[in-house]
Number of protein chains: 2
Amino acid sequence: MLIHKISEVKEKVKEWRGDKNIKIGLVPTMGALHAGHASLIKKAVETCDKVVVSVFVNPIQFCPGEDYNEYPRTLDKDVELAESIGADLIFAPSPDEMYGKGQRLSNDTLAYVVPPFFYVNKLCGKSRVGHFDGVCTVVAKLFNITGADYAFFGQKDAQQLVIIKKFVNDLNFPIEIVSCPIVREESGLALSSRNKYLSDEGKKDALVLSKILFNIKACYEKGITDVSALKETAFSYLTDKHDMEYLEFVDKDDLEDKTKADNNTLVLIACRVEGVRLIDNILLA
Amino acid sequence: MLIHKISEVKEKVKEWRGDKNIKIGLVPTMGALHAGHASLIKKAVETCDKVVVSVFVNPIQFCPGEDYNEYPRTLDKDVELAESIGADLIFAPSPDEMYGKGQRLSNDTLAYVVPPFFYVNKLCGKSRVGHFDGVCTVVAKLFNITGADYAFFGQKDAQQLVIIKKFVNDLNFPIEIVSCPIVREESGLALSSRNKYLSDEGKKDALVLSKILFNIKACYEKGITDVSALKETAFSYLTDKHDMEYLEFVDKDDLEDKTKADNNTLVLIACRVEGVRLIDNILLA
């Protein structure tokens, strides 16, 4: 039997395997679970028959000088939370289990999944060189290890989400990526494991990220579409407590820069407060 | 349930799926099938329940100036041969089907599986820059599309085989790589689709590759282990018809250079005859 279409090969193989059609969901995390992660696990439990939550602080996605060692590790609490929501399995490997004992973690000695340069060389990828190579590689490993049918990611890491969808599509990984909305504190602050690094004062200063985004969306809804004009609305919020890294307007699917905002425009912000790098984003839909 | 080991996750997922345990085999080829490919398909049919043969001349593994356009394409014959041996499915996608219509084929716009630099920056990888990125990427795609449990590759492309095993291991692809011995003409010439480019005269000159390797193995069996001495035995075979690219002694598993030959040593040769790039290799076991 000669077949030319990918979709037909997949159907044929499914038929051969007589798959029970059980749906397995994966929620990849670095632990230090908060209500944002909880919402992902909840969504997975609602839509899948079995749910795996992975907890792994992935060394190869941290750049030199970043917080790999300091990153909060709360495995006991994470297991408790994930199981209370209904996760069936928490997978918490050691770095040795994931990358081989004594293995040097470098692209000189390890194979990587490398996302397209166009998607990486902007936004967070510009300051975090190699970060997305590390993310895609560990995520591909987790896909292969769990054989999950669905994987759940937060819209909070918007560039990561676009890049993961892209590599899954380009490399034909047999998995569907489900994106879940950002979970915010009542104040507007987007939940992040790194918020733990902030003082009370810092948390207040951090509100500026969501305020800038909400205001841009309000201006867009009033009819302002010129990106330079929308960017200018941000300045009034900033003080010397804010070390802005970027405020960018891009297409939500392919990350192309926008000069005129529309309903497919994603606005992304990265800013340091008390030395802590925070990100947030909003879709102008 | 908290699990720390990759193997235990895989077992658990298998249990959930209630897998029928059907074995699917994949034989990835670029078509122009010869008796070497036939031996791979035969092995796959013998050891698997269902066998997919892919036929795809993969544009992204050809370097500029190489023979992508000229590469022999004989799909009708290939289908006939594969089915006569017992293949269940021949998958012959177009480049558009594999990479997307109108997609620019570059790491600027496509995600790649990139093997470790140490394994690539030697032997064939030195002259064929980007070749193994293209090979690993298409092979990963075929693994994901077919969901095969076993994939069959010829020992003829020895560096490719080591690199594929390496990326499968590093990225936890749920597939086992089966290597099959080189098939040779009675003369000793290793079968290759590119042998079609040679004149009768050229085929005679091409015998020098296997002769050099057989003689090195004979010398090793007589007790010569010094690699420089073994390399010197090659010179007497070469004429001005031979444009030698490399003759190297490496470890068969990790491609480390050897200065003293042993039973794990792989000897590889690449040489142009009539402008056609030919490769061959032998294990000193």
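Me: In S9(B), which residue is the bridge partner of B:Tyr246?

Reply: This is a predicted model. Strands S8(B) and S9(B) run antiparallel and are joined by nine bridges. B:Tyr246 falls within S8, residues 242-251, and S9 covers residues 265-273. The partner of B:Tyr246 in S9(B) is B:Ala270.

Me: Which strands of chain B are the edge strands of the open sheet?

Reply: Three strands of chain B form this open sheet with antiparallel pairing, in the order S8-S9-S10. A strand at the edge pairs on one side only, and this holds for S8 and S10 of chain B.

Me: By how many degrees are neighbouring strands of the sheet S8-S9-S10 (chain B) turned against each other on average?

Reply: The strands of this open sheet pair in antiparallel fashion. With direction ignored, the average turn between neighbouring strands is 15 degrees.

Me: What distance separates the end C-alpha atoms of helix H9 of chain B?

Reply: Helix H9 of chain B has 22 residues, 200-221. At 1.5 Å a residue, the helix should therefore span 32 Å. The end C-alpha atoms agree with this expectation, being apart by 32 Å.

Me: On which residue is the kink in H9(B) centred?

Reply: The kink amounts to about 25 degrees. Its central residue is among the buried residues of H9(B), which also include B:Leu209 and B:Ile212. The kink is centred on B:Ser210.

Me: Which helix do the buried residues of H9(B) pack against?

Reply: The buried residues include B:Ala206, B:Leu213 and B:Tyr220. They pack against strands S8, S9 and S10 of chain B, and also against a helix of residues 227-232, namely H10.

Note on methods
Residues numbered from 1 in each chain as written. Chains lettered and ligands numbered in written order. Predicted model: local features only at pLDDT ≥ 70, side-chain atom pairs only at ≥ 80, totals over all residues. Helix = DSSP H or I, 4+ residues; strand = E, 2+ residues; numbered from the N terminus. Expected span 1.5 Å × (residues − 1). Bend = angle between axes of the 7 residues up to and from the residue. Buried ≥ 20, exposed ≤ 12 C-beta atoms within 10 Å, placed from the backbone. Contact = placed C-beta atoms within 7 Å. Pairing = 2+ DSSP bridges. Axes fitted to C-alpha atoms, helices over the stretch in contact; angles between N-to-C directions.
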